[in-house]
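Subject: Handing over a structure, with notes on what was found

Dear colleague,

I am passing a structure on to you, and since you have not worked with it before, I have put my notes below it. Please look through the structure first and then read on.

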Amino acid sequence: MTHKAIQIIRGEHAALSAMLRSILLLLAQHRRAATLPDFAALRAMLFYVDEFPEKRHHRKESELLFPKLRARTPMHRELLDRLDLDHARGEARIRDLEHALLAFEMMGESRRAAFEDAAARYVDFYLAHMAMEERDILPLAEKALSAADWRELDEAFTANRDPLTGAEPEAEYAQLFTRIVNAVPAPVGLGAHPGESVR
Ligand SMILES: [Fe+2]
Ligand SMILES: [Fe+2]
């Protein structure tokens, strides 16, 4: 049986991948049609990609999973360092992308290509990051962590409530995800929902 913590990480990766791919599809669609995209929809998509990994996903990995792995095994130390660095730089990267979007919205056509390039680079970076975690880190965790580690992780991952609102942040983000995919026109907006497999 797969551990709950692993299921949660994979489910969040699937939701993020769906959103990232939708951004590129939306941009390609508007380039072909020579139309300007719905900037409010793009802003909402970047907001989701900004908030959800920064506030929830990276913290689960960098604060809960990776330290346990470092304590249990010398394997993949450099990769873990690199993934932690990606997490630390994530906020600046998405901020740059949001600025490029603002430039496109304010200045129009002359900034389209710059935003498309920045979006493509960001999506490549993020998909590669998640692929490394799934290919190397999660299987290593399944081998190296003890039953007690998993009890602790599964509990921490499932009992992760927002102390300020008392709400379940994952549920709030899932609602946001659904609102965004429903607001974006077909075929881009027919994304899978968090928790569903999109691959
Ligand atoms: Fe990560
Ligand atoms: Fe991740």
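In these notes a residue is called buried when its relative accessible area is under 20%, exposed when that area is over 50%, and partly exposed in between. Asp149, with a relative accessible area of 5%, is therefore buried. Please keep in mind throughout that this is a predicted model.

On confidence, the mean pLDDT of the protein chain is 86, and 86% of its residues reach 70 or more. Among the elements of the chain, the highest mean pLDDT, 97, belongs to α4, whereas helix α6 (residues 169-183) has the lowest, 76. Over residues 191-199 the pLDDT falls below 50, although in the model this stretch has 16 contacts beyond near neighbours in sequence.

The metal ions

I turn next to the two iron ions. The iron ion (ligand 1) is coordinated at 1.9 to 2.2 Å by Glu61 (OE), His87 (NE2), His129 (NE2) and Glu133 (OE), and along the chain these donors follow the spacing E-x25-H-x41-H-x3-E. Which arrangement do the four donor atoms around the iron ion (ligand 1) make? They subtend angles of 84 to 174 degrees, and the arrangement is therefore irregular. Because Glu61 lies in helix α2 and His129 in helix α4 (residues 112-144), this pair ties together parts that are 68 residues apart in sequence. Both Glu61 and His129 are buried.

The iron ion (ligand 2) has as its donors His13 (NE2), His57 (NE2), Glu61 (OE) and Glu133 (OE), again at 1.9 to 2.2 Å, and in sequence the donor residues are spaced H-x43-H-x3-E-x71-E. The site of the iron ion (ligand 2) is also irregular, with angles of 85 to 175 degrees among its four donor atoms. Here the pair of His13, in helix α1 (residues 4-33), and His57, in helix α2 (residues 39-72), links distant parts of the chain, 44 residues apart. Both of these histidines, His13 and His57, are buried. As for how the two sites are related, the iron ion (ligand 1) and the iron ion (ligand 2) lie 3.1 Å apart, with Glu61 bridging them.

Salt bridges

The count of salt bridges comes to 14, and I describe some of them here. Asp149 forms one with Arg72, the closest N and O atoms being 2.7 Å apart; since Asp149 lies in helix α5 (residues 147-158) and Arg72 in helix α2, the pair ties together parts that are 77 residues apart in sequence. While Asp149 is buried, as noted above, its partner Arg72 has a relative accessibility of 47% and so counts as partly exposed.

Asp81 forms a salt bridge with Arg70, where the closest N and O atoms are 2.8 Å apart. Asp81 lies in helix α3 and Arg70 in helix α2, so that this pair ties together parts that are 11 residues apart in sequence. Asp81 is partly exposed, with a relative accessible area of 43%, and Arg70 is likewise partly exposed, at 24%.

In the salt bridge between Arg135 and Asp136 the closest N and O atoms are 3.3 Å apart, and Arg135 is exposed, with a relative accessible area of 55%. There is also a network of salt bridges, which links Asp50, Glu91, Arg95 and Glu98.

Two further residues

Thr73 is found in the loop between α2 and α3 (77-107). Is Thr73 buried or exposed? Its relative accessibility is 8%, so Thr73 counts as buried. A polar atom of the Thr73 side chain lies 2.9 Å from the backbone nitrogen of Met75, and, leaving aside residues up to four places away in sequence, Thr73 touches Leu140 and Ala144.

Ser22, which has its place in helix α1, is buried as well, with a relative accessible area of 6%. Its side chain reaches the backbone oxygen of Ala18 at 2.7 Å. Ser22 and Val184 are 162 residues apart in sequence, and in space they are 9.0 Å apart, C-alpha to C-alpha.

With best wishes

Methods: Residues numbered from 1 in each chain as written. Chains lettered and ligands numbered in written order. Predicted model: local features only at pLDDT ≥ 70, side-chain atom pairs only at ≥ 80, totals over all residues. Heavy atoms only, no water. Donors = N, O, S within 2.8 Å, 3.2 Å for Na, K, Ca; no water. Tetrahedral: all angles 85-135°; square planar, octahedral: opposite > 155°, others 65-115°. Helix = DSSP H or I, 4+ residues; strand = E, 2+ residues; numbered from the N terminus. Buried < 20%, exposed > 50% of the residue type's maximum accessible area, 1.4 Å probe, protein only. Polar contact = N/O pair within 3.5 Å; in protein donor to acceptor, adjacent residues only side chain to side chain. Contact = heavy atoms within 4.5 Å. pLDDT = per-residue confidence, 0-100. Salt bridge = Lys/Arg side-chain N within 4 Å of Asp/Glu carboxyl O.
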